[in-house]
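Hello,

Here is the structure we talked about. Please have a look at it first, then read the notes underneath.

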Amino acid sequence: MYFAALLARTEDGWQASDTELDDVETLADLADLAREAAVEDDTVLALIEQEDAWFGVVRVDGEDDPRVFVSDAVVAGRSSYGAMLVDELIGRDDTADDDLDALDLDGTEDGEPEAAEDDEAAAPEEPRPAGPLGDAGILSDLGVGEKELLALKGDALGEIADALGCTDVLEAVR
């Protein structure tokens, strides 16, 4: 089960909103969602966590490119939202394959797939890198340094909220 929230920085502190990721398929979709929650193009953090197994932070500052950190690329890569973040970070683009698969171009007239002539013809997918991935300094200017971010385990989002001074705000949407 996922937990996802947006934290938008305001003049008065942080505003949190629970967010559904059902319509999010790419990092650009997530960044757009974060920008919609922004107050005057200020910083928005998208926080994603899956059952304390991994967490991700996406930071959007105005129209700048989003910055991303994932706590464990291998574990996150086993889930849809984690894989989306990890694949973006390593530059993997599966959308071209998905588009071709949707066309049902299997080379037969009746739509039945042909037997593979050579099992080695399909290139194996490169494994995801082990451990943390992305911008570990993503929260440094907000009070969570690289070492602290890399050391977070368990309720990492709670600890991030505590460091940002918005634990009550985040807890209200949990």
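**Helix H6 and its cover**

Start with helix H6, residues 156-164: Ala-156, Leu-157, Gly-158, Ile-160, Ala-161 and Leu-164 are buried there. Keep in mind that this is a predicted model. What lies over those buried residues? Strands S1, S2, S3 and S4 are part of the cover for the buried residues of H6. Helix H5 (146-151) and helix H7 (167-173) also belong to that cover. Just after H6 comes Gly-165. The phi of Gly-165 is positive, near 80°.

**Strand S1 and its partners**

Next, strand S1, which spans residues 2-10. S1 is mostly covered, with 7 of its 9 residues buried. Two strands pair with S1, as follows.

- S3 (residues 43-50) runs antiparallel to S1, and 7 bridges join them. Look for Leu-7: its bridge partner in S3 is Leu-45.
- S2 (residues 13-18) is also antiparallel to S1, with 6 bridges between them. Here, Arg-9 has Trp-14 of S2 as its bridge partner.

How many residues does the hairpin between S1 and S2 use? The link from S1 to S2 takes 2 residues.

**Asp-61 in strand S4**

Strand S4 covers residues 54-61, and Asp-61 lies in it. Is Asp-61 buried or exposed? Asp-61 has a relative accessibility of 19%, and buried means under 20%, so Asp-61 counts as buried. Which residues does Asp-61 touch, once neighbours within four places in sequence are set aside? Asp-61 is in contact with Asp-41 and Thr-43.

**The second largest pocket**

Last, a pocket to find on the model. The second largest pocket has a volume of about 170 Å³. Its lining is made up of 15 residues. Nearest the centre of this pocket are Ala-53, Phe-55, Ser-71, Leu-152 and Lys-153. Which elements give two or more residues to the lining? They are S4 and H5. Both elements also appear in the cover of the buried residues of H6. By class, the lining of the pocket has 9 nonpolar residues, 4 charged and 2 polar.

**Where to look**

To follow these notes on screen, begin at H6 and its buried residues. Then go to S1, with S3 joined to it by 7 bridges and S2 by 6. Move on to Asp-61 in S4. End at the second largest pocket, with Phe-55 among the residues nearest its centre.

Best wishes

Terms used: Residues are numbered from 1 along each chain as its sequence is written. This is a predicted model: local features need pLDDT of at least 70, side-chain atom pairs count only at pLDDT 80 or more; totals for chains, interfaces and linings use all residues. Side-chain values use heavy atoms; hydrogens and water are left out. Buried means under 20% relative accessible area, exposed over 50%, partly exposed in between (1.4 Å probe, protein chains only). Helices (H or I, at least four residues) and strands (E, at least two) are DSSP runs, numbered from the N terminus. Two strands pair if DSSP finds at least two bridges between them. Contact means heavy atoms within 4.5 Å. On a 1 Å grid over the protein atoms alone, a cavity is a set of points where a 1.4 Å probe fits but cannot get out, and a pocket is an open set with protein on both sides within 12 Å along at least five of seven lines; lining residues have an atom within 4 Å of a point. Grid points are joined across faces, edges and corners, and a volume is the space filled by probe spheres set on the points. Ala, Val, Leu, Ile, Met, Phe, Trp, Tyr, Cys and Pro count as nonpolar, Asp, Glu, Lys and Arg as charged, and the others, Gly among them, as polar.
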